[in-house]
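Q: I have a model open and want to learn to read its features one at a time. Where do we begin?

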Amino acid sequence: HYIRNNQLIINSETSVTNNLIEKSPIIRFLWKNQEKWPVEYVSKNVKNIFGYTKDDFLSGKVVYGKIIYNEDLQRVTQEVTENSKLYEVSFEHKPYRIICKTGKIKWIKDITLIRRNENEEITHYEGIIIDITEQKNAEIEILKLSNIVETTPIAIVISDINRKIEYVNSALLSISKYPDNNQIIGQDLFMFTDEKGGKKLQEIVFPLLFANKPWKGELSLKRQDGSLYPAELLSYIIFDANNQPKYLIGHFFDITERKNNEIKLQNKNYELIIAKQKAEESNQLKTEFINNMSHEIRTPMNGILGFSNFLETPNLSNEKRKHYINIIKNSGNQLMRIIDDILEISQLGTKQVKSYEKEICLNDLLLELFSIFDIKAKENKTPLYLSKGLADKESIILTDKTKLNKIISNLLENALKFTNTGFIEFGYQLKVNELEIYVKDTGIGIKPESQKIIFERFSQEEKKLSRNVGGLGLGLSIAKENAELLGGKITLQSEKGEGATFYVTIPYKPVNFKTVNDNSNTDKTGMAQKQDKYTILIVEDEEVNYLYIDTLLEDFELNLITLHAKHGKEAVEMCKENSEIDFVLMDMKMPIMNGFEATKLIKEFRPNLPIVAQTAYSTRDEKEQAFSAGCDDFISKPISEETLNGMINKYLITNR
């Protein structure tokens, strides 16, 4: 081609080069420097790639810019623009796609030559184009395969037939803990096995490989640090064109998690077997318990029913009548204890029982128990001893008196049942921040293998002996669960035939005593004096009840001022606003805010203000709930003048 009068002249019919191009897979285009690139010349073989004929392009029926794949068009145009500004003679496009007449998409490789006139103005673009679709598709497939190999979680290693490693993927590096493949490539394949694993591969895997049979199995593989991990291995051989072994391929999959799950499943199955055995044992225990309970209930019932009938005997002497009545009473008490134990173990089992702490003197509690059980001990001719570990003031602690009483009582009952000779001793000692309460006996003792189950429900070590001495087998279980509710635990030391010692350990929560030196309220002897006046807040939603209490207070010798709050919220506000309130009578059941919540709030900002609960309900739980809320004392309705007077003196005069 050549330029004449600023026009590019192409002799496509006689050009030797052009004839060669027409017969080659290369297509030649010539575009004017206009938008959409209108074609001025194209070689005849364009139809072989594009599907469009030479005439389709030259007539303008097909514009080259419109058949470039839409996503590539902007990039191709930008490449032309940028290179044109740089006064390039030619440049190479990155591969791009075109849409053929059939709708098929092909990849194009394009070298563009820029033609300019004497004024350096661009007149034409000449493109030399070749179809690289097959090459590009092959590259894409290779890239996809490479991505798959590199991203798969299965570790892949390729070695030659002599076991020299030629390739490993990222998964293998990750599993074997190697930072890169520099330490792996060229090494022996056996670097991933220990002696045992290498022997397994040598003896089993490779003979199968050379027999052209893949091998799949499990073995231990070795990491860089020498640690082993279980892996599943699939190995096979790749043959060349002459059917000669060329590569060994290994697919490793870390099955540590699977093995752990198998172990867990085995353990779970074992746990299920143990659970089944325990369930069967529990059912057996429950059956024995029901039979034992039937025996235990029938015994006092026989006494009650039998001696009740004897009371109808004509001409029965007063002495026998009293004797029969005592038997009936004792049988009734025995039956009540059985019922109490059954109800308590049921409540403990449903986790509905709560602990309510209040101030108690541990020494006093133990003395009360001593006075009760000493009578029973004397009947058995078994000496009972008490050992106190602290002075009376030091033994004043915060705990749940009812539950602690129940624990020690059950342990003493147990000791009395199984101690025929020797003695029984109980007491406590302080160890750091814990109280260790003990009950020691010289009875029959408990063999070591039975000590593990002795605290379980319905369990009795010697069932025949237990049948003779009575009991449901619930006492120690009740003691254990109550000890845990107190934040403690119960343990046992015993040898068969050498007695037993039960230890109950609970937190030591001493009450802080403070000496109040208030000269304004004490005389020269240090005795408390009366104030000029006292202010009492009566919290009561029933007007009649308030009037009744107010009337009672009018007869007191003290100068009392009474205030009235109709609900808990009002009581809280009054205690905040009136610092002269000296005493609060708090009803527990009220609208808007009950007495429990009101007491808690008042104690937060006036902890030393005496609050006495008053309620028509006097159950143990009601009392415990009141003390837990912060009440200092508890009185039941209807309130007597003597009871109220005692509370007033206790908290307004004596405390001061």
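The dialogue below goes from the whole chain to single residues.

Q: What does the secondary structure come to, and what share of residues counts as buried?
A: Keep in mind that this is a predicted model. The secondary structure comes to 20 helices and 25 strands. Of the 656 residues, 40% count as buried. Look at sequence separation too. Among contacts between residues at least 6 apart in sequence, 58% join residues at least 24 apart.

Q: Which residues of the largest nonpolar core touch the most other members?
A: A core is read as a network of buried nonpolar side chains within 4.5 Å of one another. This core has 37 residues. Leu404, Ile408, Leu411, Leu412, Leu435, Phe502 and Val504 touch the most other members.

Q: Which elements supply at least two residues each to this core?
A: There are helices and strands on the list. The helices are H11 (362–379), H12 (401–417) and H15 (475–485). The strands are E17 (424–431), E18 (434–441), E19 (489–494) and E20 (500–507). H12 gives the most, with 7 residues. A helix has a periodicity to watch for: 3.6 residues a turn, so residues three or four places apart point the same way.

Q: What is Val504 in contact with, leaving aside its neighbours within four places in sequence?
A: Val504 is in contact with Ile407, Leu411, Leu435, Glu436, Ile437, Ala483, Lys489 and Ile490. Apart from this core lies another, of 26 residues. Its members include Trp31, Trp37, Val42 and Val62.

Q: Which residues of H15 are buried?
A: Buried is a matter of relative accessible area, with the cut-off at under 20%. In H15, Leu476, Ser477, Ile478, Ala479, Glu481, Asn482 and Ala483 are buried. After the helix comes Gly487, with a positive phi near 80°.

Q: How do I read strand pairing, and in what sense do E11 and E12 pair?
A: Start with the side chains. In a regular strand they alternate between the two faces of the sheet. Then follow the bridges. E11 (residues 215–222) and E12 (residues 228–239) pair in the antiparallel sense over 8 bridges. Lys222 has Leu228 of E12 as its bridge partner. The hairpin has 5 residues between the strands, and Gly226 there takes a positive phi near 95°.

Q: Over how many bridges do E12 and E13 pair?
A: E12 and E13 (residues 245–254) pair over 9 bridges, in the antiparallel sense. Here Leu234 has His251 of E13 as its bridge partner. Their hairpin has 5 residues between the strands, and Asn243 takes a positive phi near 60°.

Q: Now empty space. How many cavities of 30 Å³ or more are there?
A: Rolling a probe the size of a water molecule over the atoms shows where empty space is left. The count comes to 3 cavities of 30 Å³ or more. The second largest holds about 60 Å³ of space.

Q: Which residues line the second largest cavity?
A: The lining is Trp31, Trp37, Val76, Val80, His93, Tyr96, Asp110, Thr112 and Tyr125. H5 (70–85) and E7 (105–116) each supply at least two of the lining residues. By class, the lining has 6 nonpolar, 2 polar and 1 charged residues.

Q: One single residue to finish. Is Glu540 buried or exposed?
A: Glu540 is buried, because its relative accessible area is 1%. Glu540 is found in the loop between E21 (534–539) and H16 (543–554). Leaving aside neighbours within four places in sequence, Glu540 is in contact with residues including Tyr546, His564, Lys566, Asp587, Gln614 and Lys637.

Key: Residues numbered from 1 in each chain as written. Predicted model: local features only at pLDDT ≥ 70, side-chain atom pairs only at ≥ 80, totals over all residues. Heavy atoms only, no water. Buried < 20%, exposed > 50% of the residue type's maximum accessible area, 1.4 Å probe, protein only. Helix = DSSP H or I, 4+ residues; strand = E, 2+ residues; numbered from the N terminus. Contact = heavy atoms within 4.5 Å. Pairing = 2+ DSSP bridges. 1 Å grid on protein atoms, 1.4 Å probe; cavity = no way out; pocket = protein on both sides within 12 Å on 5 of 7 lines; lining within 4 Å. Points joined across faces, edges and corners; volume = space filled by probe spheres on them. Nonpolar A, V, L, I, M, F, W, Y, C, P; charged D, E, K, R; others polar.
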